[in-house]
Amino acid sequence: MNTVLAPIGRFLLAPWRGQAWRDLWFVILSSALSLLPLGLIGLPWAFFAVAPIYLPSILACAFLPLLAAVLLGPQLTTLRRSAYYEIRGAQIPRAPHTARDAASADAPFLPRMRARLRHPRTWRQACYHLIAGPAANLVGMIAGTMWVCGLICFGWLVPAIAFGPNWKWLSMATSLALWSALVCLVVVYLAPWLVMASVRWDLKFATDLLGPSRAERLAHRVTDLTESRAAVVDAADAERRRIERDLHDGAQQRLVSLAMNLGLARATLKDLPEDARTALAEAHEEAKEALGELRNLVRGLHPVVLEDRGLDAALSGIAARSPVPVRLAVDVPRRVPPTVEAVAYFMVSEALANVAKHAQASAARVDVWLDGALLRLSVADDGIGGADAARGSGLTGLAQRAASVDGGFEIVSPVGGPTTIMVELPCEL
Amino acid sequence: MRTVIAEDSVLLRTGLTKLLETTGFEVAAAVDDAAGLLAAVERHRPELVIADVRMPPTFTDEGIRAALVVRRQWPEVAIMVLSQYVEERYAADLLSTSTTGVGYLLKDRVADVDVFLESLRRVAAGGTALDPEVVAQLLVRRQNTPLDRLTGRERQVLGLMAEGRSNAGIAEKLVVSESAVAKHINSIFTKLGLPASEGDHRRVLAVLRFLERASPTV
């Protein structure tokens, strides 16, 4: 029962709801705010009255509002934004502050205005201040006027009907008065809806035109995502380095010491029984093996040499350990960001591991050089080729590593060889 | 043999001290930083210094820099540098003045007590001891040098020469006869264009030629 009656009740009560009256108040204030830009449109028309169809007045009609939009756009927008928040608690989102804004903010007046003229935001804001906003306000004002007039007329017609056609304040045929009262009632019921709708339109226009555009929102999101991804990659990198340090300062030192002591015991305790000597020898060998495994593990985490001495030194370590003979040429005169260094290091490491595993190559060549803000790597081998990024998980891993810092990865590997992997890593995010 | 140890890890420092003392070395001082090392060398005038590369305060290459100072001021002191990783530039720096009485080993080699002690004695006697990994890294370096003309076997032999082995040691390692090693070495001398002179001098020159490539300034 209530579900049917409630909407009907809401409709009947519409003109007396607080929201409707508040929206009417909002329309009045908002219209007042519109008066300034509207006045700027209207003012030039006054020229026509003085000097009809005179060139300066035509120019004034066209340029004065535009000039106002460019000069006062940001101030008008700020005014709107704070007014809407104060009156209605409505948040008009702010356009993002871009590098472009920052650059033009400190510029002298004329270049600043030129930059503003070229910025699409200026024209979207002008569109709101000169057209969309005033139009919505106009609808609201007309509806509001009809509402108030309807109420007054209705109040006047009721006694006219009651006192008959010869009432001294209004002389009117009763049937006409009845019809008029009915029309007034309809207007009184409908006008509040229109007022509320005009406020909704106004807010929507303001949000769409004064807030960030879709392109700006997307650009902002891309910046956010790039930053957060870089932070995640850096954090993972830092974590690996921390683990590496812990292992080096802890387990590795202890193992070296243990192996050394076992070796010493083995070298000095010559008069032990045979089986004790064997056990000692085995323990020593195992300690040395554990040490070797730990060293490889630490290298795989984050090689200290990379952090201390840079790519050149770290890569020559990998090249030297590769089972396929490697020629290495590194021309990186300055240190690149640690994350990029790590990606480059591990990419070369994985690429050479792939060469050793699949390529059946007799030689490989690694070149690393700095090309402006790009770090380029190339790993080439003289093997059988036929490497396919779609199949091998090793190659997918390489591509993902490159992508983690917005880098590019390309492989040329015809069947029969040779295979070349090319990577470019941007050094500035 | 009077020795000074510089190593910042307490565990390794005491371990090394114990190892050396039980195997006939005399540990005159065991310090934990580069300044301490220089002071100890000044005071004790050891025959051998064992230094870690990474030491306080910056944990980068204090050990190498201290070793270079020792080499300049007390050229008669043999130096064994221990490093957590291979950086051929360190090796090149160390060997830039002379190739006698100097060693560069990975820290882990300490675990191989016999080999480590032998390397120490060799260095103290004026020889060299380069870690096999250092040697391997030097081989992947720059191109278009006379070294490119060496065969794989000759490179191996040259690498072992750089590690500080004698002809007999190389022959043992490669499981070939000593005369075969001598033949390889002669071929290396020819290909590197080293003048016919006294054998040991040419040996040092060949190793230097080999190591030069690790140092960009040469």
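**Strands, patches and salt bridges in a two-chain model**

Along strand β1 of chain A (residues 326-331), the side chains alternate. A:V326, A:L328 and A:V330 point to one face and are buried. A:R327, A:A329 and A:D331 point to the other face and are not buried. The model described here is predicted. Strand β1(A) pairs with strand β2 of chain A (residues 364-371). The pairing is parallel and runs over six bridges. Within this pair, A:V326 stands opposite A:A364 of β2(A).

A helix residue was also examined in chain A. A:A319 is part of helix α11 (residues 311-321). Its relative accessibility is 3%, so A:A319 counts as buried. A:A319 and A:V366 are 47 residues apart in sequence. In space, their C-alpha atoms are 8.3 Å apart.

In chain B, helix α4 (residues 88-95) is mostly covered. Six of its eight residues are buried. These are B:E88, B:Y90, B:A91, B:A92, B:L94 and B:L95.

The surface of chain A carries a nonpolar patch of about 1000 Å². The patch is made by A:V4, A:L5, A:I8, A:F11, A:L12, A:W179, A:L182, A:L185, A:V186, A:L190 and A:W193. Helices α1 (2-13) and α7 (174-210) of chain A each supply at least two residues of this patch. The largest share, six residues, comes from α7(A). One of the patch residues is A:L182, placed in helix α7 of chain A. A:L182 counts as partly exposed because its relative accessible area is 44%, a value that falls between the cut-offs of 20% for buried and 50% for exposed.

A patch of negative charge also lies on the surface. There, A:E282, A:E286, A:E289 and A:E293 gather. A:E282 belongs to helix α9 of chain A (residues 274-301). A:E282 counts as exposed because its relative accessibility is 52%, and exposed means over 50%.

Salt bridges were counted next. The total over all chains is 27. One of the salt bridges joins the side chains of A:E239 and A:R242, with an N to O distance of 2.9 Å. The two residues are three apart in helix α8 of chain A (residues 214-268), so about one helical turn separates them. Both partners have intermediate accessibility by the cut-offs used. A:E239 is partly exposed at 37% relative accessibility. A:R242 is partly exposed at 41%.

Another salt bridge links the side chains of B:E133 and A:R295, at 3.9 Å from N to O. B:E133 lies in helix α6 of chain B (residues 132-139), and A:R295 lies in helix α9 of chain A, so the pair joins two chains. B:E133 and A:R295 are both buried.

A further salt bridge joins the side chains of A:E341 and A:R335. Here the N to O distance is 2.6 Å. The partners fall into separate accessibility classes. A:E341 counts as buried, with a relative accessibility of 4%. A:R335 counts as partly exposed, at 44%. Elsewhere, salt bridges that share partners build one network from A:R295, A:R299, A:R321, B:D108 and B:E133.

Backbone geometry was then considered in chain B. A cis peptide bond joins B:P56 and B:P57, with omega about 5 degrees. B:P57 is in the loop between β3 (48-52) and α3 (62-73) of chain B.

Positive phi values were found in residues other than glycine, including B:R45 and B:V175. For B:R45, phi is near 45 degrees. B:R45 sits in the loop between α2 (34-44) and β3 of chain B. B:R45 is partly exposed, at 39% relative accessibility. For B:V175, phi is about 55 degrees. The loop that holds B:V175 runs between α8 (167-174) and α9 (178-191) of chain B. With a relative accessible area of 71%, B:V175 is exposed.

Notes: Residues are numbered from 1 along each chain as its sequence is written. Chains are lettered from A and ligands numbered from 1 in the order in which they are written. This is a predicted model: local features need pLDDT of at least 70, side-chain atom pairs count only at pLDDT 80 or more; totals for chains, interfaces and linings use all residues. Side-chain values use heavy atoms; hydrogens and water are left out. Patches are made of residues with over 30% relative accessible area and no salt bridge: like charges are joined within 9 Å, nonpolar side chains (Val, Leu, Ile, Met, Phe, Trp, Tyr) within 5 Å. Accessible areas come from the Shrake-Rupley method with a 1.4 Å probe; for residues, only the protein chains shown count as cover. A salt bridge is a side-chain nitrogen of Lys or Arg within 4 Å of a carboxyl oxygen of Asp or Glu. Lys and Arg count as positive and Asp and Glu as negative; His and the chain ends are not counted. The place of a charge is taken as NZ of Lys, CZ of Arg, CG of Asp or CD of Glu. Helices (H or I, at least four residues) and strands (E, at least two) are DSSP runs, numbered from the N terminus. Buried means under 20% relative accessible area, exposed over 50%, partly exposed in between (1.4 Å probe, protein chains only). Two strands pair if DSSP finds at least two bridges between them.
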